[in-house]
Amino acid sequence: MAEARLSNQIRTLRFLAGEMTQAELGEAIGVTRQTIAAIEQGKYSPSLEAAFRIAQVFGKPLEEVFQWEC
Amino acid sequence: MAFREKLAWALLATAIGGFAVYCYVVDAIVGEIGWRGPVWSLVPPLIGMCVLATILAIIGSIAAALSAPKESYAPADERDRTIAARASTRAYGVITIGLGAIITVTFAGLSQFQLVHALVCLLVCAEIVRYAGEAIAYRRGF
């Protein structure tokens, strides 16, 4: 089975949200700036709760923020 | 580099440094009295290692906090907790396997001196695995 990977559009969505910083997004969902950076770079897969919170901040459904690439 | 990653590297260096000094002293003791000496002869290097490791850990923590003062006050978030939990699980695995090995070897006639030394080595190795696991997880992701 091919290895699946979680990708995301957080960088783009931050840009579209008026160049929101990683620190601002982190503060909004209750994680550090480093954790947002790790999520953006695909180095960390967030919990379901954090993923929903991120989607909520951008006012997007979860699947528009995170994609499951097979 | 994030505060908690710096802290993990600092504590890893501390554990390795303290353990290296301990091994150096124990090696000198073994050179003098052999592997079957009195177990209390391990107490001075053990206390020395604990004191040295504590001092180095304090210095490392202060240095890491000074380089990122705001971050040092922030509570651990979900990623920090996950990294810590994964690293602790690995360390627990080391302790379990190590204890099994030590118990097995004890039946082969391990002296008290060797037994205490092996247990100290096991605990320090587990700590090294824990801090290394944290530092690597912060650096490379997981």
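Buried area is the accessible area, taken with a 1.4 Å probe, that two parts lose on being put together, summed over both. The model is predicted: local features need pLDDT of at least 70, side-chain atom pairs count only at pLDDT 80 or more, and totals for chains, interfaces and linings use all residues. Residues are numbered from 1 along each chain as its sequence is written, chains are lettered from A in the order in which they are written, and side-chain values use heavy atoms, without hydrogens and water.

**Exercise 1. Describe the interface of chain A and chain B.**

Step 1. Take the area: the two chains bury about 900 Å² between them, and 47% of this is on carbon and sulfur atoms.

Step 2. Find the main contributors in chain A. Gln34(A), Lys43(A) and Tyr44(A) lose the most area to chain B, together 61% of what that side buries.

Step 3. Count contacts (heavy atoms within 4.5 Å). Eleven residues of chain A touch ten residues of chain B.

Step 4. Look for salt bridges (a side-chain nitrogen of Lys or Arg within 4 Å of a carboxyl oxygen of Asp or Glu). The rule finds zero across this interface.

**Exercise 2. Outline the fold of chain B and set it against the record.**

Step 1. Count the elements, which are DSSP runs (helices: H or I, at least four residues; strands: E, at least two) numbered from the N terminus. Chain B has five helices and zero strands.

Step 2. Take the extent: the C-alpha trace of chain B spans about 50 × 30 × 20 Å along its principal axes.

Step 3. Consult UniProt, where an unreviewed entry lists residues 7–30, 42–68, 89–109 and 115–133 of chain B as "transmembrane region". Such annotations may be inferred rather than shown by experiment.

Step 4. Check two of these ranges. Residues 42–68 of chain B are 93% helix, with end C-alpha atoms 39 Å apart. Residues 115–133 of chain B are 100% helix, with end C-alpha atoms 27 Å apart.

**Exercise 3. Assess the range of chain A that UniProt annotates as "domain: HTH cro/C1-type".**

Step 1. Locate the range: the unreviewed entry gives residues 20–65 of chain A.

Step 2. Read its secondary structure. Residues 20–65 of chain A are 67% helix and 0% strand.

Step 3. Take the distance between the ends: the end C-alpha atoms of this range lie 15 Å apart.
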